[in-house]
Structure formats: C-alpha cells, structure tokens
Amino acid sequence: IFFRHLSMWSSDVEPATRLLSPLHHRCHAPTDPAVTRTASVPLVAASVGLLTAFACTLLATGGWHSAAPPAVSQPIESPATLVRPVVAARTGPEAHRPVVTRRSVPQPQAVAGRDVPPEPSLLPSVVDVAQLSGPSPDGTSLLMLPVLVLLWPATIASGLFWYCRRKGEHPDLHPQQLAILTTTGTTVDPAAGNAEADGAMRELVAFLKEDLQHLFDDRGIDQSKYDANVKFEDPLTRYESLDGYLRNIQVLKFGFNPIFKLHSCEQTAPQEITTRWTMTLKAWALPWQPELIFTGKSFYGVNDELKIISHRDVWDSIENNAFLSPEGVLDVIGQVTQLYATPDLKTPKYEVLRRARDYEIRKYDPYIVAETQMGFGGGPASGSGFNTLAGYIFGNNASNRKMDMTTPVYTTSTDGPAKMQFVMDAPETDALPAPSSGDVAVRQVAPQLVAALKFGGIATDFSVQIEQAKLRGALRRDNVPAEDGFEVARYNEPTAAPWVRRNEILIRLEDGYDPLED
C-alpha cells in the first residue's frame, strides 16, 4: 500500500524526476493524477509512521538480537585485533548496561627510554552487539511497552484522521460524482430542464419508492438501475462497486434484524434524488440485544443513462458525516453499549421520525390509558396512585375482570395535580370494564408528536428534573417548538437492576411542526 500510493503521489511529476516510474505504471494511476496525489498523501504518511513504529518496537525490545550473554573484553595480542570490537568489563550495579568504547590499540611501549604514542584509530566508536541482547534487569524494555502500545494505535489513528478529513472532501471522485455527493440537497423545480429527462427522472423516483420497500426482504433491490461502479458512502462504510453495495446490505441482514422505513423520495437536482428514512437495527447476537436507530437522508446521483452512480447517506444524529467520522463511530458505540431492557409487554406504538444526538422525535398512534390523580405533593417520579390503578387491572372493576400488565407507567407533570397512567391492552375504551372506584378514569390519548430522551438508573424527582431540563435545552438548541409540561415513562418493574432500567422524558411538540422538513 505504501509503495502503491507513493507512486501515485508522484504520478504528476515529470518522468525524468519520477523515481518510482516502474511502480507507477504497475499501479494503474487514475486519470486525474493531482486528485490521486492529494488522496494518497495521508496513506503514505500513515505507512511511514507504521514503519517507524515497527522499527522502534524492534529497537526497544531487542527483537533482532540474539540471547548471547554479555561479552567480556579480552587482552589485545596483536594489531590484527583492531578489526574486532572490544568491550570493557563492568562490575557492580552497572554490569548489565552496554558499554561504548573506542576500538583498542596497542599500548605504548618504552623505546630507548621514552614512551611511543600509539597510532590514532580512524574508526568511530562502536557498541558491542552482544551487550544489547538478553533481558534488561532494570526494566527499560518493559517500560517501553506501554509507550509502544500507545504509539501503534496513535499512529494508525492519526493517519486515518488525516485520511478521512481529505476523503471527506471526496478528492478521488469523478467530477460528476463529486458534484452529486457534495450537493446541498436544495429542491429544484422539476419543470425546469428537458421535459423528456424530467419524465425519466420521475419514473426513477417512482422506481426507488417501490424498490426501497424491499431493501432487506428476500426479494432485495432491483440491480438493473444501478451502475456497476456505483459508489456508496456513509459515516462508517464505503464501497465503490455494485458488489460491495450489495455486500453491505447482506452484512446488515446477517448481523441485525433491520427495519427500513421510507418517509419521502423526491428529485432535488437535475441528476439527484433525495430520500428521507428511518432504519432500526436490532443486534440479535448480543445478549442484551441493543436496538440501533438511525434517521437521515440519502443522496442518489444519476448519470446520463439514468443509472444510479452514487449513494451517500447522512445521519441526523451527527454533524460530521464524512467517511469514518469519529462522531459516527462514537454514535454507534453509544447505542450498542446501552443496556436498557424493555419488557416484552404491550406498549404504545410509535415511529421514530428523527433521531438527534441526544433525543428522538416520535409519532405516537392513539392508545388507551387508565389514569388517576396523584394528589398534591406527589412528584413525577413518586409511586402515588400506583395501587389504585393496580387494583383496577387486577379485578376492582365492574366486571371483576383481571387484565394483562402493560408498559410503561406514565406520570404527567403539569400546573395542576400530577397524574399516573397505565397503558391498557384494548383497541377502544368501550372494550374495558368500568372502574369500581371513582378515582380511576379510562380515556383515549390522541395521536401526538413528542420528543423523547432516554436515561437509565432509578428515576427520582431530582434526576427527572435534570433530564427534562436537558431535553428542553436540546430542543431550544435545534429550534424545535415544544409545549409546556412533560411526562415520565418508566418501563421496568421496581425490582429491576438500575443499570438495565429504561426511563424516558417525553415533551409534546407544538401542532404544525414537521420533523421531516429541514
């Protein structure tokens, strides 16, 4: 990889000064050498860093030395010994350390009553190789290991960081693909331009609307509308062929239980189609089976033959959507490591329309609740009113009928008395028995659009106030209009461990707000 990219880096240099021209011709440099040189610089730098780290590893750990014991200098018998290194012997605590000496020369001899100085040695100082071998009693090599452990990933990370910053600008794409992938997604008038081409684009939009419904089912997508060299990119993956594109879909189907929901599909430029979607991935192979949710947009680039030549995904939850974005990596890790457990009970149905960095915007279907007032002084996280509602579902009703448990338990916080609500497993209120107590009321909750923030641990009045303030601040940051008040949803039984509890703050959004519009 190092020599390949180094040769590409030199691809726009004059042949007379190109040192790696044989390698250059074997590497099939692309048409635009300046573009390739820009993209190859980070890989060359990362490769040099890795080679340097490898050399440091060998030097620090003595990986290329023998295990011979330290040598002891021997007497010089003749001038012929000048070609052999001599090491002075040490004793005591410094005996194990290598000794640097000049090559030995014959000692001065007395000639006719005076000392004759020896001939000066023309050889530089040397280190006895044998002295560098063997274990290091003072732990010098062992102390270097943590440094090397940090050096290797730091070198790789720095190279990838530089590489991703450059690749985020799409320097190695064809100009047509570059224009498509860097589009702002501004909607244009479909009536503009050639009427025949617009009609063909409308047909392609209709095709995508239908075809994407089969993204993860057994039928799969129709490959006939995709170019063989279609380029796909999202914050974590990148492919430059149809085979890679299809392989990415198969990987998601194998490792997760994917659900894809298409919200919109429209032409946004003469040769661009934009879709908005929600994708849910349940990691079935992990013991806690986390659910990963992504919402965002896809930008499809189309060539003159009406083939899809590029597909770029951007996520709502991060700002830096470049390939291998650190934000994207942390976003995935954060979702995978969430240990929230949701009981397998009846729960209100909702659809996530947008997932921001720290909250979700959900559209709830209508559902039935039984509710009671908690009285003044009962905080949003208190259990006041629980026994009253539990009595209703366990038989304290006009029919003495016992009903199934559901989740979550809601508590509302308004200007008046707070209320506690149980979700009822019934299609309508008439299907439920009348309460025997006047403190219980049964009603239907209308469809609503809410912002939801998840948090774990034991929900207390103090933690609830902190989380609702956090959610309201995030909504103000994103200019999302919200109503006053909030609800607390607790999904788990009181005996559940704190680290697996799923709690949520729900704030209703104002009528007329559309989260699918940017």
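**View 1. The largest nonpolar core of the predicted model holds 32 residues.** Leu208, Ile221, Tyr226, Tyr245, Ile273, Phe294 and Tyr300 touch the most other members. At least two residues of this core come from each of H6, E5, H7, E7, E8, E9 and E10. Tyr245 can be followed outward through its contacts. Leaving aside residues up to four places away in sequence, Tyr245 touches Ile221, Tyr226, Val230, Phe232, Tyr239, Tyr300 and His311. A second core of 20 residues is separate, and Val480, Phe486, Val488 and Leu509 are among its members.

**View 2. Six strands build an open sheet with mixed pairing.** The strand order is E6-E5-E10-E9-E8-E7. Strand E6 (238-239) and strand E7 (257-269) are the edge strands. Each has a single partner strand, so one side of each is left without a neighbour in the sheet. At the E6 edge, E6 pairs with strand E5 (residues 226-233). The pairing is antiparallel and runs over two bridges. Here Glu233 stands opposite Arg238 of E6.

**View 3. Helices H6 and H7 meet the six-stranded sheet.** Helix H6 (residues 195-211) packs on the sheet. H6 touches E5, E7, strand E8 (272-282), strand E9 (291-302) and strand E10 (308-315). The direction of H6 makes about 170 degrees with that of E7. Helix H7 (residues 242-255) lies across E5, E6, E7, E8, E9 and E10. H7 runs at about 55 degrees to E5. Both H6 and H7 are among the elements that each supply at least two residues of the largest core.

**View 4. Leu306 sits in the loop between E9 and E10.** This residue is partly exposed, with a relative accessible area of 27%. Leu306 touches Ala200, Met201, Leu204 and Lys225, not counting residues up to four places away in sequence. Ala197 is 109 residues from Leu306 in sequence. In space, the C-alpha atoms of Leu306 and Ala197 are 9.0 Å apart.

**View 5. Nine strands form an open antiparallel sheet.** The order reads E11-E12-E17-E19-E18-E14-E15-E13-E16. Strand E11 (350-355) and strand E16 (441-445) stand at the edges. One side of each is left without a neighbour in the sheet, because each has a single partner strand. From one strand to the next, the twist averages 30 degrees. Helix H9 (residues 386-393) lies across strand E13 (367-373), strand E14 (409-413), strand E15 (419-424) and E16. H9 runs at about 25 degrees to E15.

**View 6. Strand E17 (residues 448-455) lies between E12 and E19 in the nine-strand order.** Seven of the eight residues of E17 are buried, so this strand is largely enclosed by the rest of the structure. On one side, E17 pairs with strand E12 (residues 360-364) in the antiparallel sense, over five bridges. Lys363 of that pair stands opposite Leu449 in E17. E17 also pairs with strand E19 (residues 503-508), again antiparallel, over six bridges. Val450 has Arg508 in E19 as its bridge partner. Leu453 has Ile505 in E19 as its bridge partner.

**View 7. The largest pocket has a volume of about 890 Å³.** Its lining contains 29 residues. Thr280, Glu291, Thr342, Tyr350 and Arg502 are the closest to the pocket centre. E7, E8, E9 and E11 each supply at least two lining residues. E8 gives the most, with four residues. E7, E8 and E9 belong to the six-stranded sheet, whereas E11 belongs to the nine-stranded sheet.

**View 8. The whole chain puts the close-ups in context.** The protein chain has ten helices and 19 strands. Buried residues make up 40% of its 518 residues. Among contacts with a separation of 6 or more, 65% join residues 24 or more positions apart. The pair Leu306 and Ala197, 109 residues apart in sequence, shows how distant stretches of the chain can lie 9.0 Å apart in space, C-alpha to C-alpha.

Terms used
Residues numbered from 1 in each chain as written. Predicted model: local features only at pLDDT ≥ 70, side-chain atom pairs only at ≥ 80, totals over all residues. Heavy atoms only, no water. Pairing = 2+ DSSP bridges. Contact = heavy atoms within 4.5 Å. Axes fitted to C-alpha atoms, helices over the stretch in contact; angles between N-to-C directions. Buried < 20%, exposed > 50% of the residue type's maximum accessible area, 1.4 Å probe, protein only. Core = buried A, V, L, I, M, F, W, Y, C linked by side-chain atoms within 4.5 Å. 1 Å grid on protein atoms, 1.4 Å probe; cavity = no way out; pocket = protein on both sides within 12 Å on 5 of 7 lines; lining within 4 Å. Points joined across faces, edges and corners; volume = space filled by probe spheres on them.
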